[in-house]
Amino acid sequence: MDLQSRIDNYHNTFPKYPKTLFLSERCILGLWVMGNNYTTKTDLYGAYPYGYLKRIEALFPLVKGKSLHLFSGSLPDSDDYDKVDYNVGITAEEMSDILPNNFYEIIYADPPYSVEDCERYGCCMIKRNVVFKECFKVMKQGGYLIWLDQVLPNYKKIEWDIVARIGMVKSTNHRFRVITIFKKK
């Protein structure tokens with residue numbers, strides 16, 4: 001599916017939301033205002049924001065059996081995707097030792113944003129550049145890495161193209177985050 005078709009699918013899936021996504025120089029750009037619904041299906045601090053997965057999957061749908069969620073302790077187990085999280089016994093910084101290489105078509109990642117977050121999770125701060133190397137190993141050529149964070153992590157332009165940048169804000173007094181979507185070359 002080309003990028004414009006992905007945008008059209010998103011807007012058709014959410015017809016009441018403002019049309020805030022557009023294509024510019026082969027890159028999806030936009031802004032999502034998520035609203036002040038603080039509901040999550042878990043008590044785990046740091047779960048995906050309410051409505052985030054539905055929105056992102058309208059753009060980049062889950063590929064059953066070929067999708068990976070990183071830092072995903074809040075998600076239920078499923079045959080549709082694999083999970084990597086410190087509380088399931090696999091760390092993102094060493095996942096290529098356990099997971100198949102050149103396998104996943106899509107990776108959704110929402111890492112801890114700060115040392116303070118890690119203290120609340122009970123884990124160590126990740127090394128984003130190491131996690132990116134691991135993602136490159138387990139991702140198929142042409143696959144997508146969807147990275148939700150407060151920073152743009154270091155990546156190698158010879159390995160990845162950025163195909164989307166979407167700012168995301170929930171409501172007042174919440175962090176502004178960016179969804180950066182990379183395509184493996």
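Strands here are DSSP runs of at least two residues, numbered from the N terminus, and the loop between strand 1 and strand 2 is where this tour of a predicted model begins.

Select Glu 25 and Arg 26 first, both of which sit in that loop, with strand 1 covering 21–24 and strand 2 covering 27–33. Most residues other than glycine have a negative phi. Glu 25, however, has a positive phi near 50 degrees, and Arg 26, likewise not a glycine, has a positive phi of about 60 degrees. With the surface displayed, Glu 25 is exposed at a relative accessible area of 76%, and Arg 26 is exposed at 73%.

Next, follow strand 2 to Leu 31, which counts as partly exposed because its relative accessibility is 36%, a value between the 20% and 50% cut-offs. Adding Val 33 and Phe 176 to the selection shows a nonpolar surface patch formed with Leu 31, whose accessible area together is about 280 Å².

Now select Trp 32, which touches, among others further away in sequence than four places, Tyr 10, Leu 21, Tyr 52, Ile 56, Met 168 and Ile 179. Trp 32 is one of the residues with the most contacts inside the largest nonpolar core, which has 29 residues, and others of that group include Phe 60, Ile 146 and Ile 181. Among the elements that each supply at least two residues of this core are helix 1 (3–13), strand 2 and strand 8 (176–184), while helix 2 gives the most, with five residues.

Finally, apart from this core lies another one of 23 residues, which can be located by selecting Leu 70, Tyr 104, Phe 132 and Trp 147 among its members.

Definitions and conventions:
Residues numbered from 1 in each chain as written. Predicted model: local features only at pLDDT ≥ 70, side-chain atom pairs only at ≥ 80, totals over all residues. Heavy atoms only, no water. Helix = DSSP H or I, 4+ residues; strand = E, 2+ residues; numbered from the N terminus. Buried < 20%, exposed > 50% of the residue type's maximum accessible area, 1.4 Å probe, protein only. Patch = residues over 30% accessible without salt bridge, like charges linked within 9 Å, V, L, I, M, F, W, Y side chains within 5 Å. Areas by Shrake-Rupley, 256 points an atom, 1.4 Å probe, with all protein chains shown as cover. Salt bridge = Lys/Arg side-chain N within 4 Å of Asp/Glu carboxyl O. Core = buried A, V, L, I, M, F, W, Y, C linked by side-chain atoms within 4.5 Å. Contact = heavy atoms within 4.5 Å.
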